[in-house]
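Please take a moment with the sequence and the model before reading on. The paragraphs below go through a helix, then a pocket, and then the cysteines.

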Amino acid sequence: MSALPDAPTAASLAHLHAGLWRADSLSAAPQPVLASGHAALDAVLPGGGWPVGALCELLQPPGQHSEWRLLLPALARSGQGAVVLVAPPGVPFAPALAAQGLAAQRLVWLRLAPDQEHERLWAAEQALRCAQADAVLLWLPGPAHGAQAAHLRRLHLAAVQHGSLFFALREHSARQQASAAVLRLGLGLAPHGTDSALQVEVIKRRGPPLQAPVHLGARVAAVATVLAAGDTHVVAGTAHRA
């Protein structure tokens, strides 16, 4: 009887495939990433940035909208193509976006009613399949459910196929639901902080659990100044005076 082969070691497994990662270490798989623009966050993200060509979920309590604060630096450097906004809860504020380098003419804003969930999912899929789109942001209101999760898996595959940045903005209640997202973050205001102190909890990543949330610093001065003015907005990707 021949002897059983020796059990593979961690060192031998690591050389089997470049995309292999161990659950006790941060993934270094060769998936392209785009730096988030927040050094503290990049330090805990696999590859050091947002995964390109994959679903990322940002979960927030109802009524909180910190997504622009988090995503603007990366969106500004995502290319020259369209940044598609599927059913955002408010009108994008052009001067604040421009202050961090995201030109208003890159925005494609798709306005949909809160009860048009099927239309939101369909529009996001078409945007992900569009070669001119560098990034797609999809806002999904209300509690999560099975049909929504199934469609998000389909959208994840579309992002993989076409190599787009893809962020789904969901309510915090979706946290307990399984997800096809390769990265899930919970956003909240830092305790005892100012309204510009953002706390980011890494709920899911390709790597070991992160015990403590990441705290991001205050907004850059240019953005704070523009937000204080507050008299310009974007309609369908074009800046207008209020």
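A residue is called buried when its relative accessible area is under 20%, exposed when that value is over 50%, and partly exposed in between. With that wording in hand, and keeping in mind that this is a predicted model, one can turn to helix α3, which spans residues 67–76 and is mostly covered, since 10 of its 10 residues are buried. The buried residues of α3 include charged names such as E67 and R69 alongside W68, L70, L71 and L72, and the list continues through P73, A74, L75 and A76.

From the helix we move to empty space. Rolling a probe the size of a water molecule over the atoms shows where such space is left. The second largest pocket holds about 330 Å³, and of the 23 residues that line this pocket, the closest to its centre are H65, A87, P89, W139 and P141. Two elements, β6 (133–140) and β7 (165–171), each give two or more residues to the lining, and β7 gives the most, with three residues. Sorted by class, the lining of the second largest pocket is made up of 13 nonpolar, five polar and five charged residues.

The cysteines come last. How many disulfides does a search of the whole structure find? The search returns zero, where a disulfide would be a pair of cysteine sulfur atoms within 2.5 Å. As for their surroundings, C56 is buried, because its relative accessible area of 0% falls under the 20% limit, whereas C130 counts as partly exposed, because its relative accessibility is 31%, a value between the 20% and 50% limits.

Conventions: Residues numbered from 1 in each chain as written. Predicted model: local features only at pLDDT ≥ 70, side-chain atom pairs only at ≥ 80, totals over all residues. Heavy atoms only, no water. 1 Å grid on protein atoms, 1.4 Å probe; cavity = no way out; pocket = protein on both sides within 12 Å on 5 of 7 lines; lining within 4 Å. Points joined across faces, edges and corners; volume = space filled by probe spheres on them. Helix = DSSP H or I, 4+ residues; strand = E, 2+ residues; numbered from the N terminus. Nonpolar A, V, L, I, M, F, W, Y, C, P; charged D, E, K, R; others polar. Buried < 20%, exposed > 50% of the residue type's maximum accessible area, 1.4 Å probe, protein only.
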